[in-house]
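Colleague: I am new to this model, so please take me slowly through one part of it, the pockets and their linings.

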Amino acid sequence: MASERPNPSAARTRTPTVSPTWLRGLAAGLIGGLGAGVFLTLTAPTVLSETFSALLWASGTAVGWLVLGAASAAAGILFSTAAGRQALSTTVVLGIGYSVALWLVAAVALPAWLGAVGAMAPPFPWLDPTLLAGLALYGIVLGVGHWLFGR
């Protein structure tokens, strides 16, 4: 009687997705936000300490990180819900496109909101290339994370 050896690749194809869509988006979004936050801390620290924190009528880098973390998590969940399961390259391209869309929304929403609450607002529209670079990094990490957590 021949001994049957299990096929590890067959077992992998039957393994269900470990994380539900919202959890995959949450994790990928938070990791992407961490990357963007480190980038912004090194290249444009006032974006976190003044601009993002003013969204909550506060100031300080810690509050800016809190705002960035919450926004990154929410944007990650929305991305994962919309993106579904795609190839890695497709997911990364979608992540970059998504981050450009977020940048365009932020270019209008941030100055409008900060002006409405009486905080010092950036110019309207706020087409900051450093923020675009940080969000592009977010989109790349978001796409990779979404793909990895969905395997």
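Modeller: Helix α3 (residues 45–54; a helix is a DSSP run of H or I with at least four residues, numbered from the N terminus) supplies the largest share of the lining of the second largest pocket, namely 5 residues. The model is a predicted one, in which local features need pLDDT of at least 70 and side-chain atom pairs pLDDT 80 or more, while totals for chains, interfaces and linings use all residues. Residues are numbered from 1 along each chain as its sequence is written, and side-chain values rest on heavy atoms, without hydrogens or water.

A pocket is an open set of points on a 1 Å grid over the protein atoms alone, where a 1.4 Å probe fits, with protein on both sides within 12 Å along at least five of seven lines, and lining residues have an atom within 4 Å of a point. The second largest pocket holds about 170 Å³ (the space filled by probe spheres set on points joined across faces, edges and corners). Among the residues lining this pocket are Thr 46, Val 47, Glu 50, Thr 51 and Ala 54, together with Leu 114, Met 120 and Pro 122. By class, 7 of its lining residues are nonpolar (Ala, Val, Leu, Ile, Met, Phe, Trp, Tyr, Cys, Pro), 1 is charged (Asp, Glu, Lys, Arg) and 2 are polar (the others, Gly among them).

The largest pocket has a volume of about 450 Å³. Of its 19 lining residues, Phe 52, Ala 71, Leu 102, Ala 106 and Leu 135 are the closest to the centre. Two or more lining residues come from each of α2 (21–43), α4 (61–83), α5 and α6 (129–149), and α5 gives the most, with 6 residues. This lining has 17 nonpolar and 2 polar residues, with no charged ones.
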